[in-house]
Amino acid sequence: MKNKNVLILHFTVLIWGFTGVLGGLLSISAVHLVWYRVLIAALSLFIYFIFKGKSIHVTKEKLVQFFMVGGIVGVHWVLFFHSIKISTVSVTLVTLSSLTLFTSILEPIINKRKISKADVAIGLIMILGIYLIFKFEFQYVWGIVFGLGAALCASIFSILNARLVKVTSPTVITFYEMLGAFFWVSVIMLFMGEFTEKMWLQDADWAYILLLGVICTAVAYVLGVAVMKELSAFTVALTTNMEPIYGIVLAMLIFGQQEAMSLGFYTGAVIILGAVFLYPYVKVKIENREKRLINRKLH
């Protein structure tokens with residue numbers, strides 16, 4: 001049963017990795033792309049609730065919280081897809097891996113706890129990797145900046161969701177956050193005058209946007225939540241770290257030479273992804289060591 005759940009999780013992470021590729025294939029702008037994505041995801045989840053006969057009732061206070069976090073989710077995706085549009089899928093996905101760096105800094109501050117030594121060590125390694133990418137891929141500097149912005153937003157809503165999920169179903173949270181994202185992205189589009197013919201989908205776009213909204217967002221999330229309940233947080237963390245690797249491989253297969261980068265980029269990418277993979281191991285080892293020291297003092 002565990003092996004089956006691990007395979008499902010890998011499949012889910014592969015789907016998430018394909019999200020960046022779809023962003024590159026769609027002809028519409030990042031803000032239009034996100035508007036369609038969250039609308040389709042919200043409708044898909046609403047159909048899911050009706051099919052399952054589940055209640056979506058929440059208090060007004062929770063609704064406001066979900067809508068505000070949904071706004072951060074919407075901004076995250078706009079920054080993410082805009083980064084892809086002005087750079088490459090590979091640059092965006094590797095830069096997005098800095099989510100671990102931002103979380104290691106922000107989580108202790110938001111939750112008012114001591115910063116872990118493992119967080120500091122991994123964070124410093126990741127900064128080196130990001131520096132190398134900036135240095136060798138400077139033509140994509142704005143893509144890297146928007147990718148870092150997307151990672152920062154992802155870190156914030158992940159920390160906030162970790163609190164919210166303790167009192168509300170993850171699927172209900174996602175549904176209202178998708179609605180919140182749709183609301184705030186619509187507001188942004190209204191003020192920017194983005195409700196124009198430029199948002200009309202071409203023939204090929206329909207298949208891509210449905211894949212993105214239904215499979216890569218709604219279905220992938222439901223699958224991910226289902227198996228995460230059965231697997232350890234350590235297994236989930238390690239498997240989720242495969243997302244940029246899956247995405248980069250898929251991008252290379254689909255876009256070919258367009259995704260070719262310099263040696264400096266790949267060196268920085270290996271440092272960042274290596275740090276991301278090492279993070280759970282280092283954190284567990286340091287925490288176990290600290291527990292042993294505390295136990296020795298107590299005895």
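Which residues gather in a patch of positive charge on the surface? In this predicted model, they are K114, K117, R289 and R292.

Let's take the fold next. The chain's secondary structure amounts to twelve helices and zero strands, so in sequence order the pattern reads α-α-α-α-α-α-α-α-α-α-α-α. With a radius of gyration of 20 Å, close to the 19 Å that the globule rule gives for 299 residues, the chain is as compact as a globular protein of that length. Along the principal axes, the C-alpha atoms fill a box of roughly 70 × 50 × 40 Å. As for burial, 48% of the 299 residues count as buried.

Back to the charged patch. K114 sits in the loop between α5 (99–110) and α6 (117–136). This lysine, K114, counts as exposed because its relative accessible area is 71%, and the cut-off for exposed is over 50%.

There's a nonpolar patch on the surface too. V64, M68, F183 and W184 form this one, and together they have about 380 Å² of accessible area. Two helices, α3 (60–86) and α8 (170–192), each supply at least two of its residues. M68 is part of helix α3. At 47% relative accessibility, M68 counts as partly exposed, because that class lies between the 20% and 50% cut-offs.

Here are the two residues picked out above, one from each patch:

| Residue | Location | Relative accessible area |
|---|---|---|
| K114 | loop between α5 (99–110) and α6 (117–136) | 71%, exposed |
| M68 | helix α3 | 47%, partly exposed |

Note on methods:
Residues numbered from 1 in each chain as written. Predicted model: local features only at pLDDT ≥ 70, side-chain atom pairs only at ≥ 80, totals over all residues. Heavy atoms only, no water. Patch = residues over 30% accessible without salt bridge, like charges linked within 9 Å, V, L, I, M, F, W, Y side chains within 5 Å. Areas by Shrake-Rupley, 256 points an atom, 1.4 Å probe, with all protein chains shown as cover. Salt bridge = Lys/Arg side-chain N within 4 Å of Asp/Glu carboxyl O. Lys, Arg positive; Asp, Glu negative; His and termini not counted. Charge placed at Lys NZ, Arg CZ, Asp CG, Glu CD. Helix = DSSP H or I, 4+ residues; strand = E, 2+ residues; numbered from the N terminus. Buried < 20%, exposed > 50% of the residue type's maximum accessible area, 1.4 Å probe, protein only. Rg over C-alpha atoms; globule rule 2.2 N^0.38 Å.
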